[in-house]
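The following paragraphs walk through selected parts of one protein model, from a strand pairing outwards. Keep the coordinates open while reading.

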Amino acid sequence: MELQPFLHDLLAATTAPSQAWSGLDGQVRAHGAQGFYQADVRVLSQAVVTVDGLEPEVIAAGPAGPGVVEVIGLLRGVDGPGADPTVRLRRTRTVTPGMVRETLELTAATVEPVRVPLQVLLACDLAELEQVKSGRDLAARAARAEDGGVVWTGDDGPTGGARVEAPGAEVDLSDTIAPVLRWDAVVRPGEPTVREWLVCADDQGAVVGAAPSAATWSTPFVEADDRRLAALLDRALEDLTTLRMTAAFAPGDVFLAAGAPWFFTLFGRDSIWAARMMLPLGTELAAGTLRTLAARQGTTTDAESCEQPGKILHELRAKPFALGESDRELPPLYYGTIDATPLWVCLLHDAWRWGMPAEEVEALLPAMERALAWM
């Protein structure tokens with residue numbers, strides 16, 4: 001039975017339009033929603049780290065900043081004698097647009113240097129996001145060696161796929177379905193030993209991309225009896241920065257993705273509500289959201305996409321999005337919503353009241369009139 005995967009027990013790191021999902025132990029297994037994604041494609045479906053054939057025993061895991069997660073494990077198969085663990089692995093995963101980088105830092109509190117046979121078992125299925133969301137298990141694809149790295153190519157040829165690079169590693173492609181990265185590291189007491197690998201995605205066909213600049217909203221100062229409140233707000237704003245993206249047809253305007261992992265794209269309703277709730281911190285996000293949606297405001301009547309003149313879109317994808325219900329699917333540019341259009345008008349009004357520059361408001365008045373005519 002194909003069921004949508006649960007997410008509550010996964011560790012996530014996002015920086016639009018890229019995201020990484022793993023188990024709480026940091027391991028990425030070919031199961032459920034786990035994997036590294038670029039826009040609507042899973043560019044890596046497995047990344048399992050072992051040391052001398054054993055998985056690290058995880059003692060801590062969690063976020064370490066915007067787009068960064070960290071997992072700390074003990075390597076009890078290679079350390080010295082005694083009950084107290086003496087060798088540790090810190091696995092830091094950093095997601096940036098188009099790339100996921102992992103740093104493997106080994107430390108030892110032994111008397112003598114320790115040999116640590118380190119390896120990463122990889123797999124890639126290049127599954128479409130809707131296939132993952134519907135709970136389908138896809139077969140891993142064969143990889144090939146190229147310029148010292150591992151490469152997978154999609155069905156669209158050279159414009160779709162992924163590449164793994166691992167400086168200093170032995171790349172084992174004896175099984176092309178399950179490539180292995182290997183390092184034979186020697187860890188000296190008190191001297192961290194670092195190994196690194198990364199996966200780069202090819203997304204030339206993507207309809208969404210990274211925000212062109214850093215977030216500009218203001219950061220409020222919070223003073224409260226409960227010290228957790230300020231930390232919660234800081235974390236929330238950090239998380240929001242990782243959802244900032246642009247559309248290919250409006251690369252200078254920024255909006256917030258509707259959500260990870262399934263809705264990591266432009267949605268009329270969700271992107272509008274997010275921008276509306278952020279108005280106390282500035283109007284730039286609202287302005288970018290309004291302009292992006294206005295750029296694809298409906299101009300014709302199309303029964304398949306539900307487009308109508310003046311209507312604001314519901315969802316943007318690179319390809320048709322299968323619903324997992326028989327053969328039903330949504331077109332890439334879909335207008336099937338009743339609320340995005342009035343919400344767009346509400347956001348324009350509220351952004352004006354919160355101080356959006358008059359010339360920016362005036363430039364959007366024709367789009368507002370078309371939206372009101374549709375309503």
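A20 stands opposite F36, a residue of β3. The model is predicted, and this pair belongs to the antiparallel pairing of β2 and β3, which spans four bridges. On the other side of the account is β4: β3 and β4 also pair in the antiparallel sense, over three bridges. Within that pairing, Y37 has R42 of β4 as its bridge partner. The two strands β3 and β4 form a hairpin with two residues between them, and A39 in the turn has a positive phi of about 55°.

These pairings are part of an open sheet of four strands, ordered β1-β2-β3-β4, with antiparallel pairing. The edges of the sheet are β1 (10-15) and β4 (41-44); each has a single partner strand, so one side of each is left without a neighbour in the sheet. From one strand to the next, the twist averages 25°.

The side chains of β3 can be sorted by direction. G35 and Y37 point one way from the strand, while F36 and Q38 point the other way. Are these residues of β3 buried or exposed? All of G35, F36, Y37 and Q38 are buried.

The loop between β2 (18-23) and β3 (35-38) holds Q27. With a relative accessible area of 3%, Q27 is buried, because the cut-off for that term is under 20%. What does the side chain of Q27 reach? It comes to 2.8 Å from the backbone nitrogen of V49. A polar contact of 3.2 Å also joins the side chain of Q27 to that of E55. Setting aside neighbours within four places in sequence, the residues in contact with Q27 are S22, Q34, A47, V48, V49, E55, P56 and R91. Both V49 and E55 are therefore on the contact list of Q27 as well as being polar partners of its side chain, with a contact defined as heavy atoms within 4.5 Å.

Strand β3 also takes part in lining a cavity. How many cavities of 30 Å³ or more does the structure hold? There is one, and the largest cavity has a volume of about 40 Å³. The residues that line the largest cavity are S18, Y37, Q38, V43, G98, M99, V100, V199 and A201. At least two lining residues come from each of β3, β9 (99-108) and β16 (193-202). Y37 and Q38, both in this lining, point in opposite directions from β3.

A second sheet can be followed in the same manner. Three strands form this open sheet, in the order β17-β18-β19, and the pairing is antiparallel. Its edge strands are β17 (208-210) and β19, each of which pairs on one side only. Averaged over the sheet and with direction ignored, neighbouring strands are turned by 45° against each other. Strand β17 is joined to β18 (residues 244-247) by three bridges, and the two run antiparallel. V208 has A247 of β18 as its bridge partner. Helix α4 (residues 284-295) packs on this sheet and touches β18 and β19; the direction of α4 makes about 115° with that of β19.

Strand β19 (residues 250-256) contains L256. L256 has a relative accessible area of 2% and is buried. Which residues does L256 touch, not counting those up to four places away in sequence? They are L240, L243, R244, T265, S271, A274 and L285. L256 and D270 are 14 residues apart in sequence, and their C-alpha atoms are 8.3 Å apart in space.

One further residue is P357, found in the loop between α5 (340-353) and α6 (358-363). P357 has a relative accessibility of 29% and counts as partly exposed, because partly exposed covers the range between under 20% and over 50%. P357 and I72 are 285 residues apart in sequence; from C-alpha to C-alpha, P357 and I72 are 48 Å apart in space.

Methods. Residues are numbered from 1 along each chain as its sequence is written. This is a predicted model: local features need pLDDT of at least 70, side-chain atom pairs count only at pLDDT 80 or more; totals for chains, interfaces and linings use all residues. Side-chain values use heavy atoms; hydrogens and water are left out. Buried means under 20% relative accessible area, exposed over 50%, partly exposed in between (1.4 Å probe, protein chains only). A polar contact is a pair of N or O atoms within 3.5 Å; within protein, one must be able to donate a hydrogen and the other to accept it, and residues adjacent in sequence count only if both atoms are side-chain atoms. Two strands pair if DSSP finds at least two bridges between them. Axes are lines fitted to C-alpha atoms, for helices over the stretch in contact, and angles run from 0 to 180 degrees between N-to-C directions. On a 1 Å grid over the protein atoms alone, a cavity is a set of points where a 1.4 Å probe fits but cannot get out, and a pocket is an open set with protein on both sides within 12 Å along at least five of seven lines; lining residues have an atom within 4 Å of a point. Grid points are joined across faces, edges and corners, and a volume is the space filled by probe spheres set on the points.
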